[in-house]
Amino acid sequence: MRALLLSVLLALAPPAPAQELSALSRLDAAASAITAEGDRLALDFALSQPAPWRIRFLDAPPRLVLDAREIDWTGAATLALPPGVAALRAGSFRPGWSRLVVELAGPRRLEAAEMATRDSGAAIRLALVPTDPASFAAEAARPDLPEWAAPDPAVLPTPLPQGGGPITLVLDPGHGGIDPGAEREGQTEAQLMLTFARELKEALLRDGRFSVVMTREEDVFVPLETRTSIARAAGADLFLSLHADALAEGEAQGATVYTLAAEASDAAGEALAERHDRDDLLAGVDLSEQDDVVAQVLMDMARTETMPRNDRLAQAMVAAIKGADIRMHRNPLQTGGFSVLKSPDIPSILLEVGFLSSERDHARLNDPEWRARMVGALRRAILAWADEDAALRAAAAP
């Protein structure tokens with residue numbers, strides 16, 4: 001079975017250097033379906049042409065992962081999900097490869113798998129049947145092919161800062177690729193935040209006092225750990241993660257500044273932090289490793305110095321955004337356990353630029369003039385913080 005999963009179904013080749021989809025094959029959503037036939041799940045994906053592919057299983061939660069070089073999965077979100085399938089997501093995952101993740105309601109095993117070719121294209125057909133949790137866990141725990149191991153963030157190539165200024169800022173447009181984030185009216189959080197990050201980057205580079213690194217320059221998936229590693233490799237003075245989430249319950253409106261804390265300041269912040277980590281998990285990134293005791297002590301010591309700087313940065317952002325007469329959340333400064341904020345030695349902020357679940361925020365995020373005002377406020381906030389930070393450091397120097 002493992003040979004079937006990792007060899008027969010994969011024409012494995014080194015990942016392509018390009019990030020954008022080459023669209024070797026496209027999903028025909030109208031001719032595709034996921035159906036339940038008793039206890040049996042049938043997955044039938046109609047494609048414009050054959051493409052190399054492979055499947056494997058992951059646990060906690062149980063998922064089937066289908067990697068392909070390369071299928072454009074646009075339209076997959078429109079497929080009806082039968083009982084037995086909890087969620088479906090798809091998008092770019094790594095250079096030259098796309099990923100479809102089928103979150104299962106319970107453990108299943110592969111009963112049949114094939115790619116059928118025909119004159120008008122091809123189809124991937126899978127059949128899944130229930131299995132016991134122990135068997136599923138054993139299958140999901142099998143090591144992946146070495147070529148598919150996640151890269152060590154410490155050895156990733158360092159993105160080159162652009163600009164010659166003394167302040168090195170890492171901009172992190174949230175989500176991307178297989179993880180679109182919140183969605184509303186055909187727009188995704190990942191797309192909106194990439195647009196905003198590009199505009200902020202351009203303004204900062206024009207200022208001349210900034211060097212700017214982006215964790216992603218296009219619609220690709222970047223694991224949370226990699227985002228913080230990019231900041232460290234770039235020698236960042238500060239890290240700013242940009243989001244526009246949606247809340248399933250209650251109402252939220254206006255920009256919100258988050259800093260790291262073990263416990264969230266409210267239930268909404270806790271839910272958002274859990275969702276961000278879950279997005280990485282669902283995409284197939286292992287979050288199980290924990291810091292050892294010594295490492296945790298060292299990080300706590302580093303944060304003792306970083307936290308006051310972080311708090312001053314957050315306060316400067318709130319003051320500048322309010323000063324620009326931009327609507328903020330009723331509690332504009334909050335805390336949460338966001339993994340992307342856990343660099344112990346780099347002041348790190350997560351900014352909810354707005355909430356896609358708010359009609360007004362959605363309109364603001366699509367207004368170029370409003371975005372320009374927010375960009376100006378953030379530029380002023382960072383400069384004010386940098387000046388104060390430099391003065392305090394100079395005063396504290398022996």
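Analyst: Before we start, one definition: a helix here is a DSSP run of H or I with at least four residues, numbered from the N terminus. Keep in mind, too, that this is a predicted model.

User: Okay, big picture first. How many helices and strands are there in the protein chain?

Analyst: The protein chain has 8 helices and 18 strands. Of its 398 residues, 51% count as buried. The accessible surface comes to about 18100 Å², and carbon and sulfur atoms own 53% of that.

User: What share of the contacts with a separation of 6 or more comes from residues 24 or more positions apart?

Analyst: That share is 78%. For a concrete case, take Ile382 in helix 8 (residues 368-396). Setting aside residues up to four places away in sequence, Ile382 touches Ile167, Leu169, Phe210, Leu238 and Met317. Its C-alpha is also 9.2 Å from that of Ala320, 62 residues away along the chain.

User: Is Ile382 buried or exposed, and why?

Analyst: The cut-off for buried is under 20% relative accessible area. Ile382 has a relative accessible area of 0%, so it counts as buried.

User: Phe210 was on that contact list. How should I read the strand it sits in?

Analyst: Start with the general idea: side chains in a regular strand alternate between the two faces of the sheet. Now the case here. Phe210, Val212 and Met214 point one way from strand 14, while Ser211 and Val213 point the other way, and all are buried. That agrees with the tally for strand 14 (residues 210-214), where 5 of 5 residues are buried.

User: In which sense do strand 11 and strand 14 pair?

Analyst: They pair in the parallel sense, over 5 bridges. One bridge you can look up joins Val170 to Val213 in strand 14.

User: And in which sense do strand 7 and strand 8 pair?

Analyst: Those two are antiparallel, with 8 bridges. Arg94 has Trp97 of strand 8 as its bridge partner. The hairpin has 2 residues between the strands, and Gly96 there takes a positive phi near 80°. Strand 7 (residues 85-94) is mostly covered, with 7 of its 10 residues buried.

User: Does a helix get read in a similar way? How many residues of helix 4 are buried?

Analyst: You count buried residues again. In helix 4 the count is 7 of 10, so the rest of the structure largely encloses it. Leu224, Thr226, Arg227, Thr228, Ser229, Ile230 and Ala231 are the buried ones. After helix 4 comes Gly235, with a positive phi near 65°.

User: On to the voids. How many cavities of 30 Å³ or more are there?

Analyst: There are 3. The largest cavity holds about 100 Å³ of space. It is lined by 14 residues, and those closest to its centre are His175, Asp179, Leu224, Arg227 and His243.

User: Which helix gives the most to that lining?

Analyst: Helix 5 does, with 3 residues in the lining of the largest cavity. Helix 4 (224-233), strand 15 (238-243) and helix 5 (267-282) each supply at least two. By class, the lining has 4 nonpolar, 5 polar and 5 charged residues.

User: Asp179 caught my eye. Where is the place of Asp179?

Analyst: Asp179 is in the loop between strand 11 (167-173) and strand 12 (183-184). With a relative accessible area of 5%, Asp179 counts as buried. Leaving out neighbours within four places in sequence, its contacts are Arg89, Ala190, Phe221 and Asp279. The C-alpha atoms of Asp179 and Leu282 are 8.8 Å apart, with their positions 103 residues apart along the chain.

User: What about open space: how much lies in the second largest pocket?

Analyst: About 860 Å³. Of its 38 lining residues, Ala90, Gly91, Gly177, Pro180 and Glu183 are the closest to the centre. The lining divides into 14 nonpolar, 13 polar and 11 charged residues.

User: Which element gives the most to the lining of that pocket?

Analyst: Strand 7, with 6 residues. Among the other elements supplying at least two are strand 8, helix 3 (189-207) and helix 5. Helix 5 is worth a second look, since you met it in the lining of the largest cavity as well.

Methods
Residues are numbered from 1 along each chain as its sequence is written. This is a predicted model: local features need pLDDT of at least 70, side-chain atom pairs count only at pLDDT 80 or more; totals for chains, interfaces and linings use all residues. Side-chain values use heavy atoms; hydrogens and water are left out. Buried means under 20% relative accessible area, exposed over 50%, partly exposed in between (1.4 Å probe, protein chains only). Two strands pair if DSSP finds at least two bridges between them. On a 1 Å grid over the protein atoms alone, a cavity is a set of points where a 1.4 Å probe fits but cannot get out, and a pocket is an open set with protein on both sides within 12 Å along at least five of seven lines; lining residues have an atom within 4 Å of a point. Grid points are joined across faces, edges and corners, and a volume is the space filled by probe spheres set on the points. Ala, Val, Leu, Ile, Met, Phe, Trp, Tyr, Cys and Pro count as nonpolar, Asp, Glu, Lys and Arg as charged, and the others, Gly among them, as polar. Contact means heavy atoms within 4.5 Å. Accessible areas come from the Shrake-Rupley method with a 1.4 Å probe; for residues, only the protein chains shown count as cover.
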